[in-house]
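Work through the exercises below with the structure open. Try each task before reading its solution.

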Amino acid sequence: MTTDSATLTHPLPFFHHAATRRVLYIAAGPCPLVFSISLDDVGRHVPVVDAINKTTHPFGRSTAVGSLAADEVRRELADAKPLEPGPLDETLSSWANFCDDVADRLNDDEPLADALDDTWVLCPEQDVALDDDEPTISAQARVDVSTPPERRL
Amino acid sequence: MTSTFDITAPLPFFYHAASERVLYIAHGPSPSPLLFSIALKDVVRHELIARGPVLMDTTHPFGTTTGVSSLAENPVRRGLADTEIFGEPGPLEDTLELWRDFCDALAERLQNGEDLEPALKTTWVLKQSEGAA
């Protein structure tokens with residue numbers, strides 16, 4: 001039993017499951033979810049420059065999600081070791097943000113496949129002008145202008 | 001890492017047979033889910049408290065019998081892997097539900113920066129000011 005509360009509440013590290021070469025991340029939320037991605041995919045996505053994409057984000061195609069209620073998930077987590085800091089830190093941090101956003105959607109009852117497909121995908125309804133007097137086009141909106149008309153609302 | 005579980009369903013209690021302890025992973029917006037444990041014999045011993053008031057004058061029985069750990073620790077993750085889902089709590093269900101509430105309250109205090117020992121001693125303890133008419 002840990003007695004140091006600061007250690008107890010310190011954010012969990014990423015874990016590395018050597019046998020599968022996957023990185024594990026436990027997202028916060030009403031139900032802790034275990035996300036995983038292969039190290040190869042993390043390396044392939046370096047650097048991830050644009051968080052918002054017009055189609056499924058690369059993370060959405062390479063991320064798996066599991067519950068600690070599953071025996072195999074608990075076993076993988078037990079076999080994993082904390083991941084040492086390295087050149088992939090920035091990408092992993094971005095991936096963790098992606099996982100947190102997916103977790104939010106799942107906890108809002110969105111189906112898993114939809115959450116993975118649509119998280120960090122640009123939606124036209126995000127193009128809201130906040131200043132009526134002088135409309136501004138956000139970076140996201142500028143991207144959306146290039147979207148084919150049939151994909152706009 | 002796919003499974004047939006509803007991944008957003010509340011996690012069940014787990015049972016670690018070797019240590020005869022029940023485990024619970026606290027929910028909440030914590031950046032670090034906490035793993036709580038209690039000996040099954042203590043759950044049995046406290047079965048009747050599920051029928052009494054939640055707040056106590058002194059340290060709540062759960063506060064003296066609950067362990068807290070982080071999943072960052074290798075032995076904790078290994079211990080969790082050795083558990084099985086605590087199937088049918090039966091007559092212990094009410095007590096375990098109450099213990100879960102205690103753990104959630106404790107987790108919230110720890111996440112707010114309180115030290116572990118005072119949090120264990122004073123969670124669900126009736127303060128004098130709260131007892132005033």
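The exercises treat a sheet and the helices on it in a predicted model.

**Exercise 1.** Work out the strand order of the sheet in chain A, and find which strands stand at the edges.

Solution.
- Step 1: Trace the order. The open sheet has 5 strands, arranged 4-3-2-1-5 in chain A.
- Step 2: Check the sense. The pairing is antiparallel.
- Step 3: Take the edges. Strand 4 (63-67) and strand 5 (81-82) of chain A each have a single partner strand, so one side of each has no neighbour in the sheet.

**Exercise 2.** Describe how strand 1 and strand 2 of chain A pair, and name the bridge partner of H17(A).

Solution.
- Step 1: Locate the strands. Strand 1 covers residues 15-17 of chain A and strand 2 covers residues 22-27 of chain A.
- Step 2: Count the bridges. There are 3, in the antiparallel sense.
- Step 3: Find the partner. H17(A) bridges to R22(A) in strand 2 of chain A.

**Exercise 3.** Place helix 5 of chain A against the sheet, then examine its length and its buried residues.

Solution.
- Step 1: Find the contacts. Helix 5 (residues 89-107) of chain A touches strand 2, strand 3 and strand 4 of chain A. Its direction makes about 50 degrees with that of strand 2 of chain A.
- Step 2: Check the span. The 19 residues of helix 5 of chain A reach 26 Å from first C-alpha to last, close to the expected 27 Å.
- Step 3: List buried residues. Among them are W95(A), F98(A) and V102(A).
- Step 4: See what they meet. The buried residues of helix 5 of chain A also pack against helix 2 (39-44), helix 3 (58-62) and helix 6 (112-118) of chain A.
- Step 5: Look past the end. D109(A) follows helix 5 of chain A, with a positive phi near 75 degrees.

Key:
Residues numbered from 1 in each chain as written. Chains lettered and ligands numbered in written order. Predicted model: local features only at pLDDT ≥ 70, side-chain atom pairs only at ≥ 80, totals over all residues. Pairing = 2+ DSSP bridges. Helix = DSSP H or I, 4+ residues; strand = E, 2+ residues; numbered from the N terminus. Contact = placed C-beta atoms within 7 Å. Axes fitted to C-alpha atoms, helices over the stretch in contact; angles between N-to-C directions. Expected span 1.5 Å × (residues − 1). Buried ≥ 20, exposed ≤ 12 C-beta atoms within 10 Å, placed from the backbone.
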